[in-house]
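Here is a friendly walk through one model, sheet by sheet and helix by helix. Keep the viewer open as you read.

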Amino acid sequence: MSRDHWLITTPPPTPNGDLHLGHLSGPYLGGDILSRHLRRCGHTVGYVSGIDDHQSSTHLASLQGACSPEEVADRYAERIRRAWTKAEIVIDECWLPRASAQHRELAAAMFAKLYTQGHIVPRTTDLPYCANCQRWAYEAYVTGGCPHCGEPSCGNSCEACGLPNDNGDLKAPRCVVCDSACGLRSATRLYFPLEPWRRRLEEYVDQTSMSHHLQALAARLLSRPLPEIAVSHPSGWGLELPADGYDDQRMYVWFEMAAGYLSATRQFAGDREWADLWEAPSRVVQFFGFDNGYFHTLLIPAILFAYDAKLTGPSTLVCNEFYQLTGQKFSTSRDHAIWLLEVLDRVPASLLRLYVSWTRPSTRQTNFTWEEFDAFCREGPPARWREWLSALSERREHAVKLAGQLGDETGDELLTVRFGGRVQDLLSGVDTALSAEEFSPRRALLLLDQLADEACEFGAGLDTCGDVPMLERTYVEGVRAELGAAAGLAAGLYPIAPALAEELWAALKPESSLPRTPWHQVASMAVTVPLASGDIMTECPLLRAGEYGRHTG
């Protein structure tokens, strides 16, 4: 397989509510940023995700809303996809479990193969049961104390510590539907033991790029006997099991998700061998939040290994922490959220993407407030960029006049050459910061902010020689270099804030369009930006940002 084919995946969101700013801060914006950067570096990229119809949270929402789970799933799936579009997130392939026969067939085939080969086995264990609702309580239907850390947790996994549970081991389990205490009853379900895959998983964790927090989570699990994971639950919502005697159970949605990533890849790849993307050398990058860490670090890779020994799993796992709102976790149930479809009617997507990237919870939880967002727009990096670009507009006008009096000869004035070298070094750093292995939009923005600061200082020096005889050519060449740096700023911003970047690029009037300009041309300062009249800031309304918190907070 050619090494220039990349696949980017994000977990399919659960259609039990709208997307909020916390969702944007993590996988979905991250996947879009990397996708845009890789494409302009000349790679073929597929960005795939889906809609997680069969999550128990979808069925729970239908119970709480007195409607069918199908109605809940369809309503929110449409709103989720609309929110992606409004946020300028471009997903190439979106798998829809109930609409895709290919997905259902592949999920059934994977499950049947593992069951037939003895990788999936029956186990009888205790499972919470709500006598009041007369319903088994697992996953989203149950809450209790995590058996590992003691924090409040739903069934199957704990958001706080990231470790899996078996529902029946929750402390003081309660039914989420009616808030009654649950008793424990014996239930026979199908389980996927992870321990037989220890060696492959240890090798996978060692060779896969991931955060320290993910490494720590994997190390905690691998330091003890690996758990057996229930891959079926007593329910009528979800995919039916290809196993006799389990008609009253449905496939665990996280097993289905392993199949979903493969079926979405097959849909995207078309005639190209889709499995090649998941074989060595893998160029698969998975984005997800830490609450999904164990699934993507151990469970899904083990399922893939069991299904096909040639599959290697993703080469890079990009994990984000929780993004908080005014010091508290975003919560759909408590309506403590900033809903994307609402806020994007008032705030430009590029500015929201820019700030969320600046405060992205890459390695620690970070926080959003409207006051800090407004201060960022007024006094943060955008303000410094405005100051530089406004001054550059004046220098460009003067350079246009001087250039008309000079010939076509150009020179290599030493200070200008040194400035160009510093800009190239900074843009090289941006390239590294936006790579899959070191993905950090915040670091990229810090480097772009430094670029603007370098250019502002360089331009201030040029101002001292703009009207000095014999230095006209030095001035003009310096302004050309500054315009090249501004093009670098626009190109560096493009994956993060595409509409804002394209406004700036258009104001500079280069010959090529921004999305089609190869990154190596920008990074080497080889993009020709003409000396042309015009106020850059007049043509960049997104950079002339005002206050938005007072309209949306």
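## A helix across the parallel sheet

Helix H1 (residues 21-40) lies across strand S1 (5-9), S2, strand S13 (284-289) and S14, and runs at about 165° to S2. Please keep in mind that this is a predicted model.

The sheet beneath this helix deserves a look of its own. Five strands make up an open sheet, in the order S3-S2-S1-S13-S14, and their pairing is parallel. At the edges are strand S3 (93-95) and strand S14 (316-320), each of which pairs on one side only. From one strand to the next, the twist averages 20°.

If you zoom in on one edge, you will find strand S2 (residues 44-50) joined to S3 by three bridges, with the two strands running parallel. Gly50 has Trp95 in S3 as its bridge partner.

## The antiparallel sheet

A second open sheet has four strands in the order S5-S4-S9-S10, with antiparallel pairing. Strand S5 (135-136) and strand S10 (228-230) stand at its edges, and each has a single partner strand, so one side of each is left without a neighbour in the sheet.

Strand S9 (residues 183-193) and S10 run antiparallel and are joined by three bridges. Here Phe192 is matched with Ile229, its bridge partner in S10.

## Helix H8 and both sheets

Which strands does helix H8 lie across? Helix H8 (residues 293-307) lies across S13 and S14, where it runs at about 140° to S13. H8 also lies across S9 and S10, running at about 55° to S9. S13 and S14 belong to the parallel sheet, while S9 and S10 belong to the antiparallel one.

## H4 against H7

Now for a pair of helices. The axes of helix H4 (residues 101-116) and helix H7 (residues 253-269) come within 9 Å and cross at roughly 130°. That angle makes H4 oblique to H7. The crossing in which H4 passes H7 is right-handed.

On the H4 side, the contact is made by Gln102, His103, Leu106, Ala107, Met110, Phe111 and Leu114. H7 contributes Phe255, Glu256, Ala258, Ala259, Gly260, Leu262, Ser263, Arg266 and Gln267.

## Nonpolar cores

The largest nonpolar core has 105 residues, and of these Leu21 and Trp388 touch the most other members. Helix H15 gives the most to this core, with 12 residues. Apart from it lies another core, of 66 residues, which includes Trp95, Phe288, Leu299 and Leu317. Trp95 is the residue we met earlier as the bridge partner of Gly50.

What does Trp388 touch, not counting residues up to four places away in sequence? Its contacts are Arg395, Leu451, Ala452, Ala455, Cys456, Glu482, Ala485, Ala486 and Leu489.

## Val479 in H15

Is Val479 buried or exposed? With a relative accessible area of 0%, Val479 falls under the 20% cut-off and is therefore buried. This residue lies in helix H15 (residues 472-493).

Leaving aside neighbours within four places in sequence, Val479 is in contact with Leu392, Arg395, Arg396, Ala399, Leu462 and Leu531. One of these, Leu531, is 52 residues from Val479 in sequence, yet the two are 8.5 Å apart in space, C-alpha to C-alpha. Another name on that list, Arg395, is touched by Trp388 as well.

Terms used
Residues are numbered from 1 along each chain as its sequence is written. This is a predicted model: local features need pLDDT of at least 70, side-chain atom pairs count only at pLDDT 80 or more; totals for chains, interfaces and linings use all residues. Side-chain values use heavy atoms; hydrogens and water are left out. Buried means under 20% relative accessible area, exposed over 50%, partly exposed in between (1.4 Å probe, protein chains only). Contact means heavy atoms within 4.5 Å. Two strands pair if DSSP finds at least two bridges between them. Axes are lines fitted to C-alpha atoms, for helices over the stretch in contact, and angles run from 0 to 180 degrees between N-to-C directions. A nonpolar core is a set of buried Ala, Val, Leu, Ile, Met, Phe, Trp, Tyr and Cys residues joined through side-chain atoms within 4.5 Å. Angles under 35 degrees count as roughly parallel, over 145 as roughly antiparallel, 65 to 115 as roughly perpendicular and the rest as oblique. A crossing is left-handed if the near helix is turned anticlockwise from the far one by less than a right angle, and right-handed if clockwise.
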